[in-house]
Amino acid sequence: MHAFAKTLITACALAAATVHAAFPDRPITIVVPYAPGGAADAVARLLATRMGVKLNTSVIVENRAGASGTIGASYVAKVPADGYTMLYDATPYSINPHLFPRMPYAANALQPLSLVLLAPNMLIVPAHSPFKNVNDLIAQAKAQPGKINFASGGSGTVQRLASELFRQQLQLDMVHVPYKSGGPAIADVTGGQVDFMFSTIASSYPLVSGGKLRALAMSSAQRSKRLPDVPTVAETVIPGYEVYEWNGVFLPAGTPAAIAGKLQQALVDVLKEDVVKQRLEDLGAQPVGSTPAEFATFLGKEDAKWGEVVRQGDIKQD
């Protein structure tokens, strides 16, 4: 190799290293592909504030909602891979490819950075329901096929698919009642218009603790610290049943390793802070913080699970 070429390569490498070392030298944007005010948005804003302190820059949250999160994800998939735009997504990220006939971005257009949290769902029924436990519900569903109904905030939601996985594995004939969002669905379960649904602790715990709803089971592998007397689906009727709402952070594919590493370390450090852990636990969520490889493995399992549930249930996007 000519001396000039070697000098040029060395200079480029040094320049790149300098740029990465200086990162970040301007504000960073976290895109949340859901509407303001939801759980993902609230956690993203908390993390943005704390990451800004760690990285010594402003971290701004920008909501780009629509199409079950695909609009925001598509936007981030197409921006420069320089670390200045991140995606804060949730479980629909693993469900959407199985519902939409064509995704607006390539499957490899985003790279996982870290799993942020896991939030179990709980199977809830009206407080006046005759179902005192999950076996009561199952017995009634078997005795009267097609008579028991369950609510959700839409076909592509975890609420729907958690119920569908429950139904499929127990081979029950039950009717899905879709709503435009989780709030009206919970309201109708509370009022007794619908028999049951799966819902996050954050959404339903106040109604459970207030005596307006009854929690029959948790979707997590272990019982919740918040509701230690409520058994899991896995320990009662379906060994291995495990469903979570999850949140995680992604970057555009091709983001330099040094920059991705700096962002991942800042995020993991923030998730260890007491104020962040307490806030997530208040929401009924478990802080995680993972390596990109660990997050990728998790995503692979989620993709396989929900793909099979959607296929077997012949579920279509609303």
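This briefing describes selected helices, loops and backbone features of one structure. The model is a predicted one. Helices α2 and α11 pack at an angle of about 180 degrees, and helix α6 is largely enclosed by the rest of the structure. Helix α7 has its buried residues along one face. Several loop residues are then taken one at a time, among them a cis proline, P24.

**Helix α2 and its contact with α11**

- Helix α2 covers residues 39-55 and helix α11 covers residues 274-282. Their axes lie 11 Å apart, at an angle of about 180 degrees.
- An angle over 145 degrees counts as roughly antiparallel, so α2 is described as roughly antiparallel to α11.
- On the α2 side the contact is made by V43, L46, L47 and R50. On the α11 side it is made by V276, R279 and L280.
- Sorted by class, the contact of α2 with α11 holds five nonpolar residues, two charged residues and no polar ones.
- The 17 residues of α2 reach 24 Å from the first C-alpha to the last. That is close to the 24 Å expected at 1.5 Å a residue.
- Buried residues in α2 are A40, D41, V43, A44, L46, L47, A48, M51, G52 and L55. V43, L46 and L47 are among these buried residues, and they also take part in the meeting with α11.

**The residue after α2**

- N56 comes just after α2 and sits in the loop between α2 and β2 (59-63).
- The phi of N56 is positive, near 60 degrees, in a residue other than glycine.
- N56 counts as exposed because its relative accessibility is 71%, and the cut-off for exposed is over 50%.

**Helix α6**

- Helix α6 runs over residues 158-170. Its 13 residues should span 18 Å at 1.5 Å a residue, and its end C-alpha atoms are 18 Å apart, which agrees.
- Eleven of the 13 residues of α6 are buried, so the helix is largely enclosed by the rest of the structure.
- The buried residues are V158, Q159, R160, L161, A162, S163, E164, L165, F166, Q168 and L170.
- Q171 follows just after α6 and takes a positive phi of about 55 degrees.

**Helix α7**

- In helix α7 (residues 182-191), the buried residues are G182, A185, I186, V189 and T190.
- Viewed down the axis of α7, these buried residues fall within an arc of 135 degrees, so they line one face of the helix.
- An α-helix has 3.6 residues a turn, so residues three or four places apart point the same way.
- The elements packed against by the buried residues of α7 are β4 (110-126), β5 (149-152), α6, β7 (197-200), α8 (201-209) and β8 (213-218).
- G192 follows α7 and has a positive phi, near 90 degrees.

**Loops in the first part of the chain numbering**

- P24 lies in the loop between α1 (3-22) and β1 (28-32). The peptide bond from F23 to P24 is cis, with omega near 0 degrees.
- A67 is in the loop between β2 and α3 (70-77). It has a positive phi of about 55 degrees although it is not a glycine.
- A67 is partly exposed, with a relative accessible area of 38%.

**Loops around β8 and β9**

- K212 is placed in the loop between α8 and β8. Apart from its neighbours within four places in sequence, K212 is in contact with P126, A127, T190 and L207.
- K212 and G248 are 36 residues apart in sequence, and their C-alpha atoms are 32 Å apart in space.
- A221 lies in the loop between β8 and α9 (233-236). With a relative accessible area of 33%, A221 is partly exposed.
- A221 and A234 are 13 residues apart along the chain, and 6.6 Å separates their C-alpha atoms.
- Leaving out neighbours within four places in sequence, A221 is in contact with T232, E242 and Y244.
- T255 is found in the loop between β9 (244-252) and α10 (257-271). T255 counts as buried because its relative accessibility is 7%, and buried means under 20%.
- Beyond its neighbours within four places in sequence, T255 is in contact with A81, G83, Q111 and A260.

Conventions:
Residues numbered from 1 in each chain as written. Predicted model: local features only at pLDDT ≥ 70, side-chain atom pairs only at ≥ 80, totals over all residues. Heavy atoms only, no water. Axes fitted to C-alpha atoms, helices over the stretch in contact; angles between N-to-C directions. Helix = DSSP H or I, 4+ residues; strand = E, 2+ residues; numbered from the N terminus. Parallel < 35°, antiparallel > 145°, perpendicular 65-115°, else oblique. Contact = heavy atoms within 4.5 Å. Nonpolar A, V, L, I, M, F, W, Y, C, P; charged D, E, K, R; others polar. Buried < 20%, exposed > 50% of the residue type's maximum accessible area, 1.4 Å probe, protein only. Expected span 1.5 Å × (residues − 1). Arc of directions from axis to C-beta.
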